[in-house]
Amino acid sequence: MLTLASGSTSPLARDLLIVLLAASIVAMMLHRLRVAVAPGYLIAGAIIGPYAAGLVSDPDSVESISSIATILLMFLIGLHLDLSSLRGGMVRTLLIGVVSSVVTTAIFVPLGMLFHLDLASSLTVAMGLSMSSTALVLKLLQARREMNQLRGRIAFGVLIVQDVLAIVALAVIPVLAAWRGSSSARMLAQEPGQAAMEPTINVLAQAALVLGVLALMIVLGRVLLPRLLREAARESSGELLLVLSAAIALGAAGAMTAVGVSAELGAFLAGFLLAGTPFRYQLSGKLAPLRDLFMAAFFTAVGMKLDVGASLQLWWVVGLASVLLIVVKTLGISVSAWALGIPAAPAVSSGLVLAQAGEFSLVVLAAGATAGLVSDVAMTVLVAASINSLVFTPLLAEAGRWADRALCNAPMPPWIRSATPLAHPSPSTTPSDAPELEQPPSFDVVIAGYGPVGRAAADALEREGARITVIELNARTVQKQATLGRRIVFGDAANDSVLESAGIEHADALVLAVPDEQSVIRACQAARALAPDLFIAVRTNSLSMGMRALQVGADHAVVEEMATAVAMAREVTQKVRERREGKDTGPKLYRMRED
């Protein structure tokens, strides 16, 4: 634990301990009741926060915990977004996201003005509430194995669009604040001359600066970032790759802060740019445990901001805002999806699972409050309504399953002739699309390790008509083989995200040809958990590790010691017979062919 020079405990370390301990206890209680744990973090934060039990009463500690968790969570959310995974039906999916975001924002703006907010404040609130929770929804869909179902693919596509639009929202907030300030200045100006023009010029200059920095970051991310990561990936343990990624996230956050935009925007953009590189799967898998930790800290910190007393005093406003939030989001997303050709059942179920406020909702609202666009009273009501919507998300997702059954025979809109559901997304394995085989493959095989053993296995299996996807940790090999058109993923085969990106859930077999036996055991365990029916063949150096591999889920183990002995016995027998018959062909070297 962190200590001060005097030996006393650091307040931040003490408060962080309380946050994690309370979140763990409440989450375990809810897990016992078979309730999603994420709402438990919000409840834990409300209990220990300064407005309830007061166990964490220092505003600076709350703000520090929230800021760190938010920045890192936004980076990890950006890292998990990959437009290539929406290749099947991408246009329609993205269109649903754009249309639904515009529709919900357009509805929330007049509702905000009915609650006595001005236009700039209403637009800020509307942009924030139009976002849904990427972390919570994806975790929920993955736990229920619904990511490959139609509603899961729609939800994922809408979340991607919302998160990208969050960049626009965070960039627009300083402009809205300056615009409202300039409007007030023009009203107070005695002469509508140069004094009234200066605020407008400042607004335009701020907007140009923000857009310029965003454009520079995107260009550097596309040109320089892959080269830096490729150099870092040469270090085999992957430690340097993680350190560089963290530095990129914090650097992007600092760059955005320097131009007056929230640090969360920079962190998210850094993650999103990293998602476009071949190293995203390895990074996302390595950082997955940290993602869960940051999500717990983030939602608990959000719960601590809830003024329970003020929310109870405004209970009817909070209740009305909660209902309006869920109803407007559900209708806006459902109707948009249905109008664009999605059957009513998955359209409504996707609308229900996305009916909550999200991480970016709270980030946008906090940025609006900092800019003076959202008052303290409005912030209290909106945070309480957002927490309510997040708590009810598991129930809404369950209602979505009921909607799937109840609306399965609902008609399509009259302007759509027939339903054309989105195609299943194919796993993205290389930076560029690999050429398909002329004949459909007879089976799919994932090979981990592209050394001599892996290459020989790939050649032999391809001759049998198999479609091969390779997992390899050597960045140079990945780059070379991807250029040659091979389906190859950079990463460790023991990494769940890497296995999923290689299509392990749809593969027929996995060949673990990695020379590191401990990595083979971990990869075998991870693959068996993801694909219970998968055939797994492993290569080990010793008999004991071969037995261990069979115990943790392997179906077939090739022990190099035994295989070498059998091969040598076979060759010796053949050689002796050739010499006796006078047919000796001379010395031979048996090795696996390398390209």
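**Notebook: helix 11 and three paired strands**

I looked up helix 11 and listed its buried residues (buried means under 20% relative accessible area with a 1.4 Å probe, protein chains only): Ala 263, Glu 264, Leu 265, Gly 266, Ala 267, Phe 268, Leu 269, Ala 270, Gly 271, Phe 272, Leu 273 and Leu 274. I noted that this is a predicted model, in which local features need pLDDT of at least 70 and side-chain atom pairs count only at pLDDT 80 or more, while totals for chains, interfaces and linings use all residues. Residues are numbered from 1 along each chain as its sequence is written, and side-chain values use heavy atoms, with hydrogens and water left out.

Helix 11 covers residues 263-274, and 12 of its 12 residues are buried. From first C-alpha to last I read 17 Å, close to the 16 Å expected at 1.5 Å a residue, where the expected span is 1.5 Å times one less than the number of residues. Helices (H or I, at least four residues) and strands (E, at least two) are DSSP runs, numbered from the N terminus.

I then turned to the strands, which pair if DSSP finds at least two bridges between them. Strand 1 (residues 443-448) runs parallel to strand 2 over 6 bridges, and Phe 443 stands opposite Ala 466 in strand 2. Between these two strands the chain passes through helix 19 (residues 452-463), in a right-handed β-α-β crossover (clockwise from the first strand over the helix to the second, with the strands pointing away from the viewer).

Strand 2 (residues 466-472) has 6 of its 7 residues buried. I found strand 2 paired with strand 3 (residues 487-490) in the parallel sense over 4 bridges, and Glu 472 has Phe 490 of strand 3 as its bridge partner. Here the chain crosses through helix 20 (residues 475-483), and this crossover is right-handed.

Note on methods
Buried < 20%, exposed > 50% of the residue type's maximum accessible area, 1.4 Å probe, protein only.
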